[in-house]
Amino acid sequence: MITFDEKTGIFHLKNAYTSYVLQLVRNKYLLHRYWGRPLRAFRDSTPFQAIDRAFSPQPAAWPNERTFSLDVLPQEYPAYGHGDYRLPAYAVRLSNGTTVTELAYSSYKIKAGKPALRGLPAAYAKADEAETLTISLNDTKGALGIELSYTIFADQPVIARSARIINTGSQPVELLSAASFAMDFADHDFDRLSLYGGHAAERSLERVPLMHGIQETASRRGASSHQQSPFLALARREATEMSGDVYGFSLVWSGEFSFRTEVEQFGSTRVLGGINPAEFRWHLKAGESFQTPEALMTFSPDGFNGMSQAFHHIVREHIVRGRHQHALRPILVNNWEATYFDFDDEKIDKLADCAADLGIELLVLDDGWFGHRNDDNTSLGDWVINTKKLKKGLNGVADSAHRRGLKFGLWFEPEMVSEDSDLYRVHPDWTLHVPNYPASYSRHQLVLDLSREEVRDYIVTSVSKVLHSAPIDYVKWDFNRHLSEAFSAALPAERQGETKTRFVLGLYDVLERLTKAFPDILFESCSGGGGRFDAGMLYYMPQTWASDNTDAVCRLAIQSGTSMVFPPITMGAHVSVTPNHQMGRTTSMQTRAICAMAGDFGYELDITRMSDAEKQQVRDHIALYKKIRPTLQLGRFYRLLTPFAGDRNETAWEFVSEDDKQVVLMYFKTLATPATPIRTLNLQALDQEAEYELTTYLPAQRTSMDFGGEARSNLVGQCFYGDELMYSGLSVEKIDTDFAGFLWVFDRK
Ligand code: GLA
């Protein structure tokens, strides 16, 4: 898969889906030469055209070669200071105050498989699943060494990259930035796609032309954030959901990040990404090294769906770990929107009774079970059951769920502390804060300093104690504010710039210890909904609550956007009450259910207050979901229509089971429209010669009390060949309601 040709200096990383080509020139510089469809061989049909470019300096070794300048060469990990005026991949301040270093190639290694990154989440692979190239570059004056790591996966168009910066000198150096990857495209004929949003509005897709100058997608919040996601795609202008070249980048990192693109004077594009350099500093003593987080890079000739398929595969098979990796995820009921903080044993028992009757499998007790927390002002940090609320104790509540045949889950927010807590009263210095300035509150809480070992130990011990004290099957791990005044009382002045990075590394240490100690527990991460939905968190916790916004219409965009990178099995999605608590919108139970079935399905409303008719509908939905769950959770996912295109009024998602035997199709139309065209859906990825029987059809249910959802054109029982469903398509019957949701199940004959 990886070859090196000494004569030409060509490194060629190749599988059946992609080629990635680097070239070593003048035995010194590492250039980027090609990335895209697989090539038989790279023999340089695009030799670099040496042109004398004004204002582009020559390196000292070639003063008379006016056509040779780092300013115009396509580079892989460019240094700062020798006449390349574009963004550098790293920056460092040496002990003499200068920031200039000069990298020269030193050696390379090729190894089967993929080495782990110490202390960091990263894709993993067995020896026959991937190959890894490590290229060592050294500063010509011995100040620094850099190891660039490239893994190519055997069966995916995916390259994983990271860098390790080593202080090889005798003096300390200060790292000012260190990208996970950098590379140059020869042109800039791209659109730039990113996912932006806010709390309760995560991951909307934005597509803009790549422009001259620098464009940035970033978080400065200490977390991967609701506001921007650690994802970037560069797509050829004509690329669509199903066609065209798309390059995707996603970071395995949960802290603040930056992706920058720079289109320079001669029209080429530099792209780089990694930890946000804005406030990043890292002190390296002689001999110490810094490992960057990993970037996953996908190439798709098949549009955005191709990119997403590749990301989904890597996330499912090479990021998510543990016993739940391939396990079907339980249908849950969460008491948050049912009770908020206002609950006791009796209410929870009633919820459990009803859940068991409806066919739900897991009862989750959300915020408010500990300390004296009856609102969001107190008790974070005091992970001790509130027996005033739960008189039977945690064991009692868990047993009572188990007796009813339900699994039992519990909410935590361990990275935080409330001022009104025993923990804060004893350890006020355990928070992130700046001496002499008051710390900012957010949701009335402060952030614990996870760079400190004693803080991490406290979290591991206190959470473990609770998890040992009762039979707990599931944990929701929340993080409900971003970092501010990110300084640590435990770090010296020159290391304060490391605090935000150390916070995330500390979190990873905690998560590694806890998830190892409790391998049977299913962990779901959360951050005020989907504020930390990234591959780093998924390495420890196989699913993430996608958004605090449970409104089905908003969820169409949130889940479509999330699916650009993450597969449906990683997305928590629940049916909630109408009018919806966040949007005030009334949608039918069926639309809510179909939309939630496209993720890890559950309910988040007071199910005890539903009418008998509603309960029966829920029983039916749950029974259906159990039948199609393997397809929805383990199958391949295709976006046919997204709310980011056209009039933003339609969404269609298709799921094809792993064994290609079942297909589930979902279609949503947000607002009914007059003089409306008939919508035809062209299915994807079917076997054209196989016959598929329509076995289930849920036509749109009108808002609120229409439980009939009567089909006008009922094709149930009919069989169609795959080619007809793909090329002629399936038409959707006339829609006379807002917020319509449809579902079809086809079983292959
Ligand atoms: C966050 C989560 C919610 C809920 C609350 C509890 O906002 O996203 O699902 O757990 O916290 O305080």
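**Domain contacts, ligand surroundings and local features**

Six residues of domain 1 are in contact with four residues of domain 2. The model is predicted. L205, E241 and M242 dominate the domain 1 side: together they supply 70% of the area that domain 1 buries against domain 2, more than any other three residues. The buried area between the two domains is about 370 Å². Carbon and sulfur atoms account for 59% of that area.

The domain assignment places domain 1 at residues 89-316 and domain 2 at residues 641-748. Their centres, taken over C-alpha atoms, are separated by 39 Å.

Polar links between the two domains were also examined. Zero salt bridges cross the interface of domain 1 and domain 2. The count of residue pairs in polar contact between them, with both residues at pLDDT 80 or more, is likewise zero. On the side of domain 1 that touches domain 2, strand 12 (residues 201-209) gives the most, with three residues. That side of domain 1 divides into two nonpolar residues, one polar residue and three charged residues. Charged residues are thus present on this side, yet the interface holds zero salt bridges.

The ligand has 13 residues around it. Of these, D366, D367, K476, G529 and D548 come nearest. Several polar approaches to ligand oxygen atoms can be described. G529 takes part through its backbone: a polar backbone atom of this residue is 2.8 Å from an oxygen atom of the ligand. W411 takes part through its side chain, with a polar side-chain atom 3.0 Å from an oxygen atom of the ligand. For W545, an N or O atom in the side chain is 3.4 Å from an oxygen atom of the ligand.

Salt bridges were counted in the model as well. The count comes to 50. One of them joins E76 and R161, whose closest N and O atoms are 2.9 Å apart. This pair links distant parts of the chain, with the two positions 85 residues apart in numbering. E76 belongs to the loop between strand 4 (29-36) and strand 5 (90-93). R161 belongs to strand 9 (residues 158-167).

Two features of the backbone complete the description. The peptide bond from T578 to P579 is cis, and its omega is near -10 degrees. P579 is placed in the loop between strand 29 (571-576) and helix 10 (589-597). The other feature concerns N27. This residue is not a glycine, although its phi is positive, at about 50 degrees. N27 is found in the loop between strand 3 (19-25) and strand 4. The cis peptide bond and the positive phi therefore each involve a loop residue, P579 in one case and N27 in the other.

Methods
Residues are numbered from 1 along each chain as its sequence is written. Side-chain values use heavy atoms; hydrogens and water are left out. Domain bounds come from an automatic or database domain assignment. Contact means heavy atoms within 4.5 Å. Buried area is the accessible area (1.4 Å probe) that two parts lose on being put together, summed over both. A salt bridge is a side-chain nitrogen of Lys or Arg within 4 Å of a carboxyl oxygen of Asp or Glu. A polar contact is a pair of N or O atoms within 3.5 Å; within protein, one must be able to donate a hydrogen and the other to accept it, and residues adjacent in sequence count only if both atoms are side-chain atoms. Helices (H or I, at least four residues) and strands (E, at least two) are DSSP runs, numbered from the N terminus. Ala, Val, Leu, Ile, Met, Phe, Trp, Tyr, Cys and Pro count as nonpolar, Asp, Glu, Lys and Arg as charged, and the others, Gly among them, as polar. A residue is near a molecule or strand if one of its heavy atoms lies within 4 Å of it.
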